[in-house]
Amino acid sequence: MSTKSMKERIIEDWNWRSREYTGRSDMYLQTERQQRLWKETLTGLLPARGEERLDVLDVGTGPGFLALQFASMGHTVTGLDLSPSMLEIAAEKAAVLELPCSFIEGDAESLPFPDHSFDVVANRHLLWTLPNPGRAIREWVRVLKPGGRVLVMDGDWTNKQLTYKQKMRIFMGHSLTFFTKGKIPWKGKGRGYDDLAHMLPFSGVDPGKVIALMEAAGLNGVREHDVQHLLDADAESFPLAYRWSFIDSHRRFIVAGNKTGSI
């Protein structure tokens, strides 16, 4: 399968999946504690430039979760995604919250921006969807200003190293969701990824591999950051079935790295 046809199917898949996000509030930030912890965490990961307004690129923005967080912190934010339907949802959320974000259609592996355009390039749950994650990270470094940071937020969704107890919690969560909703919303959603997954490098994203790719792209000081405090806050607001299915059931992480040098 050519890269072009694969990308076309990826776009089709996410346009189709976007229906799951239409009209719903963002379930991750339902409590004041969640909002505070996300703001504190993101602030601590940003380049140390005082109170300066930063230019932030949210790659693979989807429904705009990260873009909206950075915009609410006063930064200038651009969200990019291949899916027009996802971008529409992100723009609608920004309008409701009265947050000034720019959303444009584009490819995470071939960015439509000149070199040294952003102080921060961030993404969340993106790498597993990409045919060429190494190429993508090199692009993110290209558009990053010297002194800027790349933030990758992802997880291993394969369940390969789960304990028996964790697997049972997932099973119970899926079962409870099926009996209460008549379906499992996140299962069988993707028409494209069902047969593309085996052709993508990251079905489950390993932080060690992410660190290696970021270092190979020229980033320095690359390291993994713990997100357990964010997961604990999520557990307070998730419905019981979702809590069993997701909280403490997958390894999630943030990897950050710096770009040194001068323009």
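Two residues are in contact when heavy atoms of theirs lie within 4.5 Å. By that criterion, and leaving aside residues up to four places away in sequence, Thr-41 touches His-229, Leu-230 and Ile-254. The model discussed here is a predicted one.

The protein chain holds 10 helices and seven strands. Of its 263 residues, 52% are buried. Where contacts join residues at least 6 apart in sequence, 79% of them link residues at least 24 apart. The accessible surface of the chain amounts to about 12,700 Å², and carbon and sulfur atoms account for 51% of that area.

Thr-41 belongs to helix H2, which spans residues 32-45. Its relative accessible area is 14%, and Thr-41 is therefore buried, the limit being under 20%. A polar atom of the Thr-41 side chain lies 2.7 Å from the backbone oxygen of Leu-37.

Helix H2 also carries one member of an aromatic pair. The whole structure contains two such pairs. In one of them, the ring centres of Trp-38 and Phe-65 are 5.0 Å apart and the planes meet at 75 degrees, so the arrangement is edge-to-face. Trp-38 is part of helix H2 and Phe-65 is part of helix H3 (residues 65-72), so this pair ties together parts that are 27 residues apart in sequence. Trp-38 and Phe-65 are both buried. The other pair consists of Phe-113 and Phe-118, again edge-to-face, with 5.0 Å from centre to centre and 85 degrees between the planes. Phe-113 and Phe-118 are likewise buried. The ring of Phe-65 has a further partner: the charged end of Arg-124 sits over it, 4.0 Å from the ring centre.

What surrounds helix H3? Seven of its eight residues are buried, so H3 is largely enclosed by the rest of the structure. The buried set comprises Phe-65, Leu-66, Ala-67, Leu-68, Gln-69, Phe-70 and Ala-71. After the helix comes Gly-74, which has a positive phi near 95 degrees.

Leu-66 in helix H3 shows some of the surroundings of this helix. Its relative accessible area is 2%, so Leu-66 is buried. Beyond its neighbours up to four places away in sequence, Leu-66 touches Trp-38, Leu-42, Asp-58, Ala-122, Asn-123, Arg-124 and Met-153. The C-alpha atoms of Leu-66 and Asn-123 are separated by 7.3 Å, although the two residues are 57 apart along the chain.

Asn-123 is a residue of strand E4. With 0% relative accessibility, Asn-123 counts as buried. In addition to Leu-66, the contacts of Asn-123 include Asp-58, Val-59, Trp-140, Leu-151, Val-152 and Met-153. The contact with Trp-140 leads on to helix H5.

Helix H5 (residues 133-142) is mostly covered, with seven of its 10 residues buried. They are Pro-133, Gly-134, Ala-136, Ile-137, Glu-139, Trp-140 and Val-141. These buried residues pack against strand E1 (55-59), strand E4 (118-124), strand E5 (144-156) and helix H8 (207-216).

Within H5, Trp-140 can be followed individually. Not counting residues up to four places away in sequence, Trp-140 touches Val-59, Ala-108, Leu-111, Val-121, Asn-123, Leu-126, Leu-127, Leu-130, Val-150 and Val-152.

Nonpolar side chains tend to be buried together in soluble globular proteins. Here the largest nonpolar core has 36 residues, and those with the most contacts inside it are Leu-57, Val-121, Leu-127, Trp-140 and Met-214. Two or more residues come from each of helix H1 (3-17), E1, E4, H5, E5, H8 and strand E7 (251-258). The element that gives the most to this core is H5, with four residues. A second core, of 32 residues, is separate from it and includes Trp-38, Val-56, Ala-122 and Ile-254.

Several of the residues already met return in this second core. Trp-38 is the partner of Phe-65 in the edge-to-face pair. Ala-122 is among the contacts of Leu-66, and Ile-254 is one of the residues that Thr-41 touches.

Definitions and conventions: Residues are numbered from 1 along each chain as its sequence is written. This is a predicted model: local features need pLDDT of at least 70, side-chain atom pairs count only at pLDDT 80 or more; totals for chains, interfaces and linings use all residues. Side-chain values use heavy atoms; hydrogens and water are left out. Buried means under 20% relative accessible area, exposed over 50%, partly exposed in between (1.4 Å probe, protein chains only). Accessible areas come from the Shrake-Rupley method with a 1.4 Å probe; for residues, only the protein chains shown count as cover. A polar contact is a pair of N or O atoms within 3.5 Å; within protein, one must be able to donate a hydrogen and the other to accept it, and residues adjacent in sequence count only if both atoms are side-chain atoms. Rings of Phe, Tyr and Trp (its six-membered ring) pair if their centres lie within 6.5 Å; planes under 30 degrees apart count as stacked, over 60 as edge-to-face and the rest as tilted. A charge sits over a ring if NZ of Lys or CZ of Arg is within 6 Å of the ring centre and within 35 degrees of the ring normal. A nonpolar core is a set of buried Ala, Val, Leu, Ile, Met, Phe, Trp, Tyr and Cys residues joined through side-chain atoms within 4.5 Å.
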